[in-house]
Amino acid sequence: MPNPAITASALVKWFGEGEARTTALREVSLEAYFGEMLYIVGPSGSGKTTLLSVLSGILRPNSGTVSVEGADIWSLSSDKLADFRLHKIGFVFQDYHLFPRLTTAENVAIPLILKRQNWNGAIAEAHKYLEIVGLKTRADLPPVKLSGGEQQRVAIARAIAGQPDILIMDEPTASLDGDTGHAIVSFVKQNVLNEKRCILIVTHDSRIYELATRILKMEDGRLTGIESGGQT
Amino acid sequence: MKGILKLAYKLLVNDKAKFTALLVGITFAVFLMIAMTSLFAGVLKRASATVLNIGASMWVMDPSVQTVANTIGMPDYVLDAVRSIPGVHYAVPLYSGGALVKLHDGAYQAVTVVGLDDTSLFGRPQLLEGKIEDIYGENAFIVVKDPEFPKMENPRVGTEFELNDHRGVIVGIAQVTSSGLFGVPTLYTTYYRALQYIPNPRFTISYVLVEPKSLADIPKIKQQVQALGYLAVTKDEFMDKISDFYKYQTGLGMNLLIMTVMSFIVGLSISGQTFYTFVLENLEKFGALKAIGTKSRELILMILFQASFTALTGYGLGIGLCALTTTLAKLRLPDYAAMITFWNLALAFVMVVVIAAVSSYFGVRKVLRIEPFDIFRG
């Protein structure tokens, strides 16, 4: 196996207090490696999204550690953690969260702008990423003029524009029909995944399991199994 | 950092409906605030019109005088006593009073009569027609050509009228720096003719106008005049005294203040609410930015920039609108008193800054509380 991109150890996360306390993660440990496309699957409420949030540095666990490339991310200050997310993580949200008042190219340029790249340079670079996802001709349109699959690809272009080591995709096929969803994840595997990048995908969609390197199964906040992709 | 500000700008301006609503709210509020306060400034300036037009450095008066129109006669010895004060370069009497003029068509018209020192004619207005020495002619008066001028039936040099059964004749037409507040025409004549034509109580000097030898002499002159039982003030102090009277001892100041505060509240409500709605509608997007790696201070900067940009644009539009309407109103209504001063602009600016600060405060609070995890949960 190559080097681990993420090492999580004994992660515990609960919400609420007293009788209202709900435990979302119970002593979860895992490793995710560069060059792999790791799926986290399980029923609703099993803790998949919570795990993804803790691993990506946006939700602090109650206990346990997360190391990315050897550094404990939860020991970082909030500013350093924001920098970590900006430089190391690319997010593809379930609802895309594209800005409807910006053009497609401007949406893709956001991580570059946040990295202090000048506006024109960022837009020019965004065009390159739109070319990678096959949407160069749509660069000047607002996202609302695009189809669901195209919006998903814009979200992917935005996530990879910052050249992250880790790509996080939350239910990437949830808003798409079966063929389009499969095509999108295939595209990501072929064009975005490489030996210096790790991709974590939370999904319910068994039709794309065949594309996974490994699949982590979750239930009731626990990891219940790890399987190789395409065999579940 | 410029890129982040440009991003904030585009997010704001590209939402045309919201941005327009925000601008309309602030523009309208600024327009109302400047219109109210400029009207007040104009009224106050007009209330001090005689002080400005006469232009004396110091004014001696009865301590009970509150406005320039509210004169209380002083005995003649006050003039001599003031002239004898060390530090007084010269001192002259001034008469200011009201009278009724019977016009050519038989109608009566109230006027203000200003009687200038016969020797020096100190405080004389600038003549548009006629010669100043004609003021010494029989029954001679000079009329001021201001918005009230038509009430004298647009007199010309040679026009005759009656004032307390005395014949009066216009020998000159003058212009002055500021028109009066009370909507009556102004006639200038000599001090002694004013006393002859207008019935007066025992004491007749309305004001003693003083020119000190130097600025350093002013405190001593004030002290000596006070010892006489009278009050000496500089031109600016007299104007402040008049302003204070209208601001604090009439309902004028309070009523205009209430209207200005209401304009402020309208602006704050419209702009604050619209901006807060704008932030709420973009809350998920701000959450996404936070998840991607935007720091809290960068989000605060974006919101402050959006609020400031809107506020300053609205401020500029509000000033422009107010200047335009004031100019148009003055063309149609010569009596319209509004006068936009730097203080009006500064006050409106402060209020706009408060509107921007309050609007952005609630937006910032909301954005700082959004958790990126909520974006994942959907």
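In this predicted model, six strands of chain A, where strands are DSSP runs of E of at least two residues and helices runs of H or I of at least four, numbered from the N terminus, form an open sheet of mixed pairing in the order 6-7-8-3-9-10. Two strands count as paired if DSSP finds at least two bridges between them. Strand 6 (89–92) and strand 10 (222–228) of chain A each have a single partner strand, so one side of each of these edge strands is left without a neighbour in the sheet. Direction ignored, neighbouring strands are turned by 20° against each other on average. Within this sheet, strand 3 (residues 37–41) and strand 8 (residues 198–203) of chain A run parallel and are joined over five bridges, and A:Val41 has A:Thr203 of strand 8 as its bridge partner.

In chain B, the axes of helix 8 (residues 251–281) and helix 11 (residues 342–369) come within 9 Å and cross at roughly 30°, the axes being lines fitted to C-alpha atoms over the stretch in contact, with angles from 0 to 180 degrees between N-to-C directions. That crossing makes helix 8 of chain B roughly parallel to helix 11 of chain B, a term for angles under 35 degrees. Residues making the contact (C-beta atoms, placed from the backbone, within 7 Å) include B:Phe264, B:Gly267 and B:Leu268 of helix 8 and B:Met351, B:Ile355 and B:Lys366 of helix 11.

Residues are numbered from 1 along each chain as its sequence is written, and chains are lettered from A and ligands numbered from 1 in the order in which they are written. Local features need pLDDT of at least 70 and side-chain atom pairs count only at pLDDT 80 or more, whereas totals for chains, interfaces and linings use all residues.

Definitions and conventions
Angles under 35 degrees count as roughly parallel, over 145 as roughly antiparallel, 65 to 115 as roughly perpendicular and the rest as oblique. Two residues are in contact if their C-beta atoms, placed from the backbone, lie within 7 Å.
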